[in-house]
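Here is a short round of questions and answers on one model. Keep the sequence and the 3D view open as you read.

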Amino acid sequence: MDLMRSVIAGHPEEVYSLLKFKLGGCGTVQTKCHYDQMCPSMRTCYQYLNQTSRSFAAVTQALDGDLRYAVCIFYLVLRALDTVEDDMTIPLATKLDMLHNFYTYLQDPGWRFMESNEKDKKVLEDFPTISQEFRKLKPLYQEVISDICRRMGAGMAEFVQREDVDTLEEWNKYCHYVAGLVGIGLSRLFSGSEFEDAIVGEDTELANSMGLFLQKTNIIRDYLEDQVDGREFWPKQVWSKHAKKLSDFRQPDMSQNALWCLNELVSNALLHVPDVLKYMSRLRNQSVFNFCAIPQVMAIGTLARCYNNIKVFRGVVKIRKGEAVKMMIHATNMENFKDIMRPFCEEIANKMSPHDPSYSLTMETVETIRQLTTTSHSLTVQSTLTPLHVSCALVVAAITWQYWTQIHWIYEHYIEWK
Ligand code: D61
Ligand code: MG
């Protein structure tokens with residue numbers, strides 16, 4: 001069905017990517033884990049990773065050496081912390097206490113929490129299994145994870161006491177706590193593993209931007225979902241220029257205001273792209289490169305799709321599966337990474353209107369990204385499209401083939417990108 005969707009959407013070239021991926025060309029995100037050789041508690045941790053993360057499970061398990069264990073545990077510990085933050089049924093005083101003290105639970109073999117109602121409550125209920133694996137990690141990894149957990153908990157506590165996010169400065173601060181710190185911690189793990197140079201872990205500004213770009217994209221895309229759940233993450237400083245209440249954007253007669261606000265936020269998120277490109281250019285290890293590149297290209301794709309798109313206020317905006325797979329296969333080196341980013345930048349440029357209040361700022365950023373992503377072969381690569389008839393023949397072959405074989409799609413988590 002994804003094959004058909006790609007063709008109908010006018011992108012027959014994605015058919016090739018979908019097929020290549022289905023036929024086993026997914027080496028870049030192929031798991032290197034040998035579950036049979038693992039102790040049962042680590043195996044349980046990987047199960048939790050696969051159950052709780054649709055976007056990071058595959059790339060994490062493809063990491064080299066002990067990095068994959070460290071990143072898996074890092075993820076689960078923070079997912080547990082985030083589950084406390086998100087749970088609206090925990091009384092405020094209890095929640096604040098838990099957020100502040102969460103990092104100490106890593107040293108307490110018996111600590112667990114049975115009263116959560118969140119979808120990922122399992123990681124809190126079985127926290128002893130996670131903390132036990134945490135204490136087996138090498139001391140350097142333990143220090144990084146514990147430090148980030150302490151700072152993120154304190155930051156979350158600061159924000160649960162507030163009604164909403166006021167200024168852009170506060171927006172950056174919130175995103176720093178919940179995602180920038182993840183980037184900073186990951187970078188220190190990368191350097192600590194010696195798969196990457198020390199500079200990757202030391203340059204916290206760039207690492208922070210990696211997280212901010214992902215988190216802002218999620219916040220922009222999830223407008224409607226968060227409204228329905230009674231949460232607001234769009235910064236007031238921006239939306240108050242276009243409406244009295246953030247929820248007003250759902251009204252059909254507010255479409256123009258809603259789009260202007262949306263475009264201004266997309267434009268703000270794009271400001272992080274230069275840092276992202278610089279960060280990515282420093283990576284040397286293939287598994288780390290893929291781990292970092294895939295979420296970033298999904299994010300730029302999502303942002304481009306969201307720009308000036310009223311569907312953000314009416315439903316869910318997603319990138320096509322064919323597109324996602326194509327990006328995952330290709331995002332394996334810096335040249336390709338730029339070649340994937342650039343068309344999305346053009347997609348935004350094509351949707352821009354000079355009547356938009358943030359037009360000139362967006363144009364400036366788009367121009368900067370254009371310059372940074374122009375490569376020697378980006379001039380030739382666009383002209384080599386698969387001929388339409390070849391693609392159609394492939395579709396017929398693929399549909400037939402889909403009937404007699406069933407393949408587990410490793411990236412299935414990915415497409416529902418969160
Ligand atoms: C390179 C590669 C991956 C990176 C990175 C750099 C820099 C930052 C990040 C990943 C983190 C990006 C987070 C974006 C998704 N946002 C959320 O999940 C929100 O929760 C934030 C607090 C918990 C963070 C947990 C996390 C996430 C990804 C990781 C990780 C830890 C550890 C290692 C690797 C990746 C969001 O969650 C709601 C939901 O998605 O349901 C929220 O509550 O706002
Ligand atoms: Mg949260």
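Q: How far does a polar side-chain atom of Arg 79 lie from an oxygen atom of ligand 1?
A: This is a predicted model, so the distance is computed from its atoms. Arg 79 is among the closest residues around ligand 1. Its polar side-chain atom and the ligand oxygen form a pair within the 3.5 Å cut-off for a polar contact. The distance is 2.9 Å.

Q: How much of ligand 1 does the protein bury?
A: Taken alone, ligand 1 exposes 820 Å². In the model, 21 residues surround ligand 1. The share of that area buried by the protein is 92%.

Q: Which atom of ligand 1 lies 2.9 Å from a polar side-chain atom of Gln 215, nitrogen or oxygen?
A: Gln 215 is listed among the closest residues, as is Asp 82. For Asp 82, a side-chain N or O atom is 3.0 Å from an oxygen atom of ligand 1. For Gln 215, the partner on ligand 1 is a nitrogen atom.

Q: Which helix gives the largest share of the shell around ligand 1?
A: Helices α5 (67–86), α10 (168–192), α12 (204–221) and α17 each supply at least two residues of the shell. The largest share is 7 residues. They come from α5.

Q: How many residues of the shell around ligand 1 are charged?
A: The shell divides into three classes. Nonpolar residues number 12 and polar residues 4. The charged residues number 5.

Q: Is Asn 285 buried or exposed?
A: Asn 285 sits in the loop between α16 (273–281) and α17 (286–306). Leaving out residues up to four places away in sequence, Asn 285 touches Asp 64, Phe 195 and Glu 196. Its relative accessible area is 9%, and the cut-off is under 20%, so Asn 285 counts as buried.

Q: Which residue has its backbone nitrogen 2.9 Å from a polar atom of the side chain of Asn 285?
A: The contact runs from the side chain of Asn 285 to a backbone atom. That backbone nitrogen belongs to Val 288.

Q: How many residues apart are Asp 147 and Arg 151 in helix α9?
A: Their side chains meet in a salt bridge, 3.1 Å from N to O. Asp 147 is buried at 17% relative accessible area, whereas Arg 151 is partly exposed at 30%. Both lie in α9 (residues 139–160), about one turn of the helix apart. The spacing is 4 residues.

Q: With which residue does Arg 162 form a salt bridge?
A: Side chains of opposite charge can pair when their charged atoms come close. Here the closest N and O atoms are 3.1 Å apart. Arg 162 is partly exposed at 29% relative accessibility. Its partner is Glu 158.

Q: Why does the pair of Glu 158 and Lys 173 tie together parts apart in sequence?
A: The two side chains meet in a salt bridge of 2.9 Å, N to O. Both residues are partly exposed, Glu 158 at 26% and Lys 173 at 35%. Because Glu 158 lies in helix α9 and Lys 173 in helix α10, the pair ties together parts that are 15 residues apart in sequence.

Q: Which residues do salt bridges that share partners join into one network?
A: The model has 19 salt bridges in the count. One of them pairs Asp 147 with Arg 151. Through shared partners, the network joins Asp 147, Arg 150, Arg 151 and Arg 188.

Note on methods: Residues numbered from 1 in each chain as written. Chains lettered and ligands numbered in written order. Predicted model: local features only at pLDDT ≥ 70, side-chain atom pairs only at ≥ 80, totals over all residues. Heavy atoms only, no water. Buried < 20%, exposed > 50% of the residue type's maximum accessible area, 1.4 Å probe, protein only. Polar contact = N/O pair within 3.5 Å; in protein donor to acceptor, adjacent residues only side chain to side chain. Contact = heavy atoms within 4.5 Å. Near = heavy atom within 4 Å. Areas by Shrake-Rupley, 256 points an atom, 1.4 Å probe, with all protein chains shown as cover. Nonpolar A, V, L, I, M, F, W, Y, C, P; charged D, E, K, R; others polar. Salt bridge = Lys/Arg side-chain N within 4 Å of Asp/Glu carboxyl O.
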